[in-house]
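Reader: I would like a close look at a single part of this model, followed by an account of what surrounds it. Please take your time and state the cut-offs as you go.

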2 protein chains.
Amino acid sequence: MNYPNGKRSTVSKPDKTPKKPDFSNRGMTLEEDINVTNEYYLASNTAVIHKKPTPVQIVRVDYPKRSAAVIKEGYFKQASTTDYNGIYRGNYIDFEAKETRNKTSFPLSNIHQHQIDHMKAVHEHGGICFMIIRFTPHQETFFLSAVKLFYWWDEQYKGGRKSIPYSYIQRNGKLIPFTYQARVDYVKVLDKLFF
Amino acid sequence: MNYPNGKRSTVSKPDKTPKKPDFSNRGMTLEEDINVTNEYYLASNTAVIHKKPTPVQIVRVDYPKRSAAVIKEGYFKQASTTDYNGIYRGNYIDFEAKETRNKTSFPLSNIHQHQIDHMKAVHEHGGICFMIIRFTPHQETFFLSAVKLFYWWDEQYKGGRKSIPYSYIQRNGKLIPFTYQARVDYVKVLDKLFF
């Protein structure tokens, strides 16, 4: 574990890729950054938003005597919803988060039809629904409203392109600010757009 | 599979405990009933509420050539939230569901501190939070608001009892109606209490 003063915990194991203590988000995945952010939101009583567990089809479980049950065979299932949901300022919040190494566009193959169906249903029922998209080469993380995602999703089946241009997201999304405690401080964007 | 006319599907496998075709909920677990209900709510555009996947700590995964990844070692983790959440009439909905074979009370050992903490946070942020409790011996399924659950939860640490009396739940909860499509039709209770 690294402490904010840059000193490493003496109990930490040797680490081949030490994290830089310069508050940058290099080396952390988008998922890790969002989890840290959500923990901060929870601890500071800002919002209650959690990542859903990865869906697993459990096929075989062993029950050793005097030990915890062990899953011996399981498979990853495709998620039928988005990964994150919860409540902020009394509103239902629902989003999916993806990062891409692509510099010029976000490939729609990162999203599944089930997730779009879910997001459309949430939107219809009055929830606040969006995507968080990180372009790792640019070190930029964007908020894109679900309605704008739906446009590109539907267009691809009418002969449109299979990705959302980076330039479109720059102009029509919102850059999500980075702070040490809220590494993907997306509620700041919600505050501007909805409250 | 049983059809509403009471005839069994000819393709169904032999079943040692045939389901009665009398629309009772005998034989189905509370979780199965709620899943069927949520599917009906989704299909009828009533609400968007899902069960969260069971949290699993994945330790070892094999990647066989030309086949799906196989989880070879995993463990069940304790949930840090409730099992169900989503949106109904624009409101954030969050609940936990438990069944008990106990006739006279609902043991609080069915719930964990983490879940109570989560429910309290949701309640503070303006979400609609509750428990669904089924007494299998009585074949009754009740709605109990989270605030009433908190009272009993907190009392147990002040020398109070470690269970909620059935008689209390009868008087202070709401019996959830059973219909064929919505086997645990909890939004009917929400309609009466909140809308």
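Author: Of the 195 residues of chain A, 42% count as buried, where buried means under 20% relative accessible area, exposed means over 50%, and partly exposed covers what lies in between, computed with a 1.4 Å probe and protein chains only. This is a predicted model, in which local features need pLDDT of at least 70 and side-chain atom pairs count only at pLDDT 80 or more, while totals for chains, interfaces and linings use all residues; side-chain values use heavy atoms, with hydrogens and water left out. Residues are numbered from 1 along each chain as its sequence is written, and chains are lettered from A and ligands numbered from 1 in the order in which they are written.

The part to examine is an annotated site. In an unreviewed entry, UniProt places the feature "binding site" at Thr81(A), Asp83(A), Glu96(A) and Gln115(A). These positions are spread over 35 residues of sequence, yet they cluster in space, with a largest C-alpha distance of 9.2 Å. UniProt positions are given here in the numbering of this model, with feature names shortened, and such annotations may be inferred rather than shown by experiment.

Asp83(A) sits in the loop between strand S3 (70–76) and strand S4 (84–88) of chain A; helices (H or I, at least four residues) and strands (E, at least two) are DSSP runs numbered from the N terminus. Residues up to four places away in sequence aside, Asp83(A) touches His50(A), Lys51(A), Lys52(A), Phe95(A) and Glu96(A), a contact being heavy atoms within 4.5 Å. Glu96(A), one of the annotated positions, is thus listed among the contacts of Asp83(A).

Gln115(A) belongs to helix H2 (residues 113–124) of chain A and is buried, with a relative accessible area of 3%. When neighbours within four places in sequence are left aside, Gln115(A) is in contact with Ala79(A), Thr81(A), Thr82(A), Glu96(A) and Asn110(A). Two of the annotated positions, Thr81(A) and Glu96(A), appear among these partners of Gln115(A).

The chain around the site can be described next. The secondary structure of chain A comes to 5 helices and 10 strands, and among its contacts between residues at least 6 apart in sequence, 62% join residues at least 24 apart. Chain A exposes about 10,700 Å², of which carbon and sulfur atoms supply 51%; accessible areas come from the Shrake-Rupley method with a 1.4 Å probe, and for residues only the protein chains shown count as cover.

A contact across the sequence is found at Pro165(A), which lies in strand S9 (residues 163–165) of chain A and is buried at a relative accessible area of 12%. The C-alpha atom of Pro165(A) is separated by 6.4 Å from that of Phe106(A), 59 residues away along the chain, and Pro165(A) touches Thr104(A), Ser105(A) and Trp152(A), not counting residues up to four places away in sequence.

Charged pairs make further links. A search of the whole structure finds 18 salt bridges over all chains, a salt bridge being a side-chain nitrogen of Lys or Arg within 4 Å of a carboxyl oxygen of Asp or Glu. One of them joins the side chains of Asp191(A) and Arg89(A) at 3.6 Å, N to O. Because Asp191(A) lies in helix H5 of chain A and Arg89(A) in the loop between S4 and strand S5 (91–100) of chain A, this pair ties together parts that are 102 residues apart in sequence. Asp191(A) is partly exposed, with a relative accessible area of 24%, and Arg89(A) also counts as partly exposed, at 48%. Elsewhere in chain A, Asp33(A), Arg134(A) and Arg183(A) are linked in a network of salt bridges.

Helix H5 (residues 186–194) of chain A also holds Phe194(A), which is partly exposed at a relative accessible area of 44%. Leu193(A), Phe194(A) and Phe195(A) form a nonpolar patch on the surface, with about 280 Å² of accessible area together. Patches are made of residues with over 30% relative accessible area and no salt bridge, like charges being joined within 9 Å and nonpolar side chains (Val, Leu, Ile, Met, Phe, Trp, Tyr) within 5 Å.
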